[in-house]
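Please open the model in your viewer, with the sequence panel alongside, and follow the stops below in order.

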Amino acid sequence: MTGDKEMMEGEDGNEMTEGEDGGAEEKEITERPKWDNKLQYLLTCIGFAVGLGNVWRFPYLCQTYGGGAFLIPYLIALVLEGLPLLHIELAIGQRLRLGSVGVWNSISPYLGGLGVASMMVSFLVSMFYNMILAWILWYFFHSFQDPLPWRNCPVNLNHTGYISECEKSSPVNYFWYHETLNITPNIQTSGSIEWWLVLCLASAWCLVYIGFIRGIETIGKAIYVTVTFPYLVLTIFLIRALTLPGAADGLVYLFTPNWETLKNPQVWLDAATQIFFSLSLAFGGLIAFSSYNPQKNNCEMDTLIVGCVNSFTSIYASIPIFAILGFKANENYNTCQNWNILQLTNAFNVGDENITVANYQDWLNHLNATDPSEVESLDLKTCDLHTFLEQSASGTGLAFIVFTEAVINMPGSQVWAVLFFVMLFCLGLSSMFGNLQGVLTPLMDLHMIPTWMPKEVFTGLICLLAFTISLIFTLGSGNYWLEIFNNYVGSMPLLIIAFFEIVTVAYVYGINRFNDDIEWMTGRRPNIYWQATWRFISPFLLLVVFVAYVVTEAEQPATYNAWNPDYVYFPLAEVLSYPGWVVAICALLSVVPVVSIPLVASYRFAMSQRADASQCGGVVVEFESDDIRDARDDNARTIPGEL
């Protein structure tokens, strides 16, 4: 390290600064918490990166974009975009030992808004993400019933038949949209707050608070369960799923490459965004976690471990998921065939069991040739296995509709439902720890917690505030609002933050200084791969993805899918346009989280101009801004080696 001042850390954890006279001046600082061991830190980062999207988003993209062919753009995006940014976040947090706000403010006071933006995104995402955990808890509580409550349609009030809404759709759809959400027919109709969702949401926040109450001290203990248990469940599901009839059809459909899809630009855009969001980049949580590391730690190896485990998990989760979906497709195909066989048997007085699934097509051809008008009048269903395999879904559609329907037909369905929803909850809980750490650590570094207030109380107030705001998602229209938050908070703002992060490190902090830091921490200078991606490739790709994303969103109308039993084509979703006031909220959710970047930069510039104006004949007047003085002192104390 070069420069007039060099930061050193004494063995007792006190900060050592070397003055101009070469003497070491020791300054007492508050000791920063540390991880108990390296495994605890890695599991926490993996738990934050590996989330619900690995289970219900990645398999859907593989199925949609040519099976195994999707892995090519996905892995390219991992190497050229995901890993370089992941390395930056883990390294910069470990070197400066600060949360997101402190890190970027230390590099340049003008970039303090970058950390505030990450903190805002983490807080907003935490609100709707925990609502998903509340839904998971609701299904978990109902998974102990026999039969499962989404197996059959409920009877109507007169006990003369089933509820028409359920008959027109399906029991799983009815349980999700009516029994769980009690959803309204459009976003303008707010509906009432559903008390059962409020209780589940409160339970979810209480569980998050218990695991998060003392920061990394309690997170580090809980993470051993919340990270490892989903892999155990996935393995159990894998073994069971591979023994189900039709599992091979699902796997063949998933991994059979369709190379033509690689010509579609949307495939590459979705691959780039998937790896970006899957690694939980730009939230500030990874920076916060790495800030509790000892500075002498191989952050490059950590990057490779976290990035590769995350991608492996996505592929590994796809196998049991689509094996089960293949089983579901075969069940639906056989049900369709048997319904047609029953119609033919009754219409043509054929003996029972003469027409079977094996000889159905031969019988159909024979009857079509002898009495085509009678066959046509039966209005037989079109049964195609490939069509049933295409009926996949992502997000809540996969977890609460497609998978729950598949579980119904599995022996011991209650056990598999319980395991599935416990797995989802663990995945979501470990991600919630990272989201909240991205909020709490910057506030602690900025000394926003009053000295008289215990940290546990402050953490509880943050959870209470988030719970209060997220009550909007318990309304009848809550699912529509959650989709808005998911689409607009967790997308464009993160791309903007990530672009500024990598440009800041490469061209503001200085890539040579950053290389020196990594060499000091790991004992090895970054190779040509890291140099090329940090300097040119990753910033360019992030800019391209951002522009492509904005163009794609601008070309698409602002619409949403509504569940309306009075819709003429029900149970198909009614596609509605967002009203103007909702479009305005969507725009605000995209802009407000990152507006702090230009605001803080403008404020710092104005303060620096004021400081310059206060100089008279080279003598600085005494009332220098506290913010500027603190930022200057932080830079001198924290950033190694002035260039």
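The bend at a residue is taken here as the angle between two fitted axes, one through the seven residues ending there and one through the seven starting there. Keep that in mind for the first selection, and remember throughout that the model is a predicted one.

**First stop: helix H18**

Select residues 396–408, which form helix H18, and look at Val402, where H18 bends by about 30 degrees. How far apart are the end C-alpha atoms of H18? They are 17 Å apart, which agrees with the 18 Å that 13 residues should span at 1.5 Å a residue. Now colour the helix by accessibility: H18 is mostly covered, with 12 of its 13 residues buried. Val402, the site of the bend, is one of these buried residues, and others include Phe400, Phe403, Thr404 and Ile408.

**Second stop: where H10 meets H14**

Next, display helix H10, residues 216–241, together with helix H14, residues 299–347. Two packed helices are described by the angle between their axes and the distance between the axes. For H10 and H14, the axes come within 8 Å and cross at roughly 35 degrees, and the crossing is left-handed. To see the contact itself, show the side chains of Tyr231, Leu234, Thr235, Phe237, Leu238 and Ala241 on H10, which meet a set of H14 residues, among them Val309, Thr313, Tyr316, Pro320 and Ile324. What is the chemical character of the residues in this contact, nonpolar, polar or charged? The residues where H10 and H14 touch divide into 12 nonpolar and two polar, with no charged residue.

**Third stop: Asn515**

Move to helix H22, residues 492–522, and select Asn515 within the helix. Is Asn515 buried or exposed? Its relative accessible area is 2%, so Asn515 counts as buried, the cut-off for that class being under 20%. Setting aside neighbours within four places in sequence, Asn515 is in contact with Arg525, Pro526, Gln531, Trp534 and Arg535, and displaying these five residues as sticks shows its surroundings.

**Fourth stop: backbone geometry in four loops**

Most residues other than glycine have a negative phi, and most peptide bonds are trans. The next four selections depart from one or the other of these patterns.

Begin with Arg97, in the loop between helix H4 (71–96) and helix H5 (100–107), where phi is near 55 degrees, a positive value in a residue other than glycine. Then go to Asp379, in the loop between helix H16 (372–377) and helix H17 (385–390), which also has a positive phi, of about 55 degrees, although it is not a glycine. As for exposure, Arg97 counts as buried at 13% relative accessibility, whereas Asp379, with a relative accessible area of 60%, is exposed.

For the peptide bonds, centre on Asp146 and Pro147, which are joined by a cis bond with omega near 0 degrees; Pro147 lies in the loop between helix H6 (112–142) and helix H7 (164–168). Finally, select Phe570 and Pro571, whose peptide bond is also cis, with omega about 20 degrees, Pro571 being in the loop between strand S4 (559–562) and strand S5 (574–577).

**Last stop: the whole chain**

Zoom out to the full chain, which has 26 helices and seven strands. Of its 643 residues, 55% count as buried. Among contacts with a separation of 6 or more, 79% are between residues 24 or more positions apart.

Definitions and conventions. Residues are numbered from 1 along each chain as its sequence is written. This is a predicted model: local features need pLDDT of at least 70, side-chain atom pairs count only at pLDDT 80 or more; totals for chains, interfaces and linings use all residues. Side-chain values use heavy atoms; hydrogens and water are left out. Axes are lines fitted to C-alpha atoms, for helices over the stretch in contact, and angles run from 0 to 180 degrees between N-to-C directions. Helices (H or I, at least four residues) and strands (E, at least two) are DSSP runs, numbered from the N terminus. A crossing is left-handed if the near helix is turned anticlockwise from the far one by less than a right angle, and right-handed if clockwise. Contact means heavy atoms within 4.5 Å. Ala, Val, Leu, Ile, Met, Phe, Trp, Tyr, Cys and Pro count as nonpolar, Asp, Glu, Lys and Arg as charged, and the others, Gly among them, as polar. The expected span of a helix is 1.5 Å times one less than its number of residues. Buried means under 20% relative accessible area, exposed over 50%, partly exposed in between (1.4 Å probe, protein chains only).
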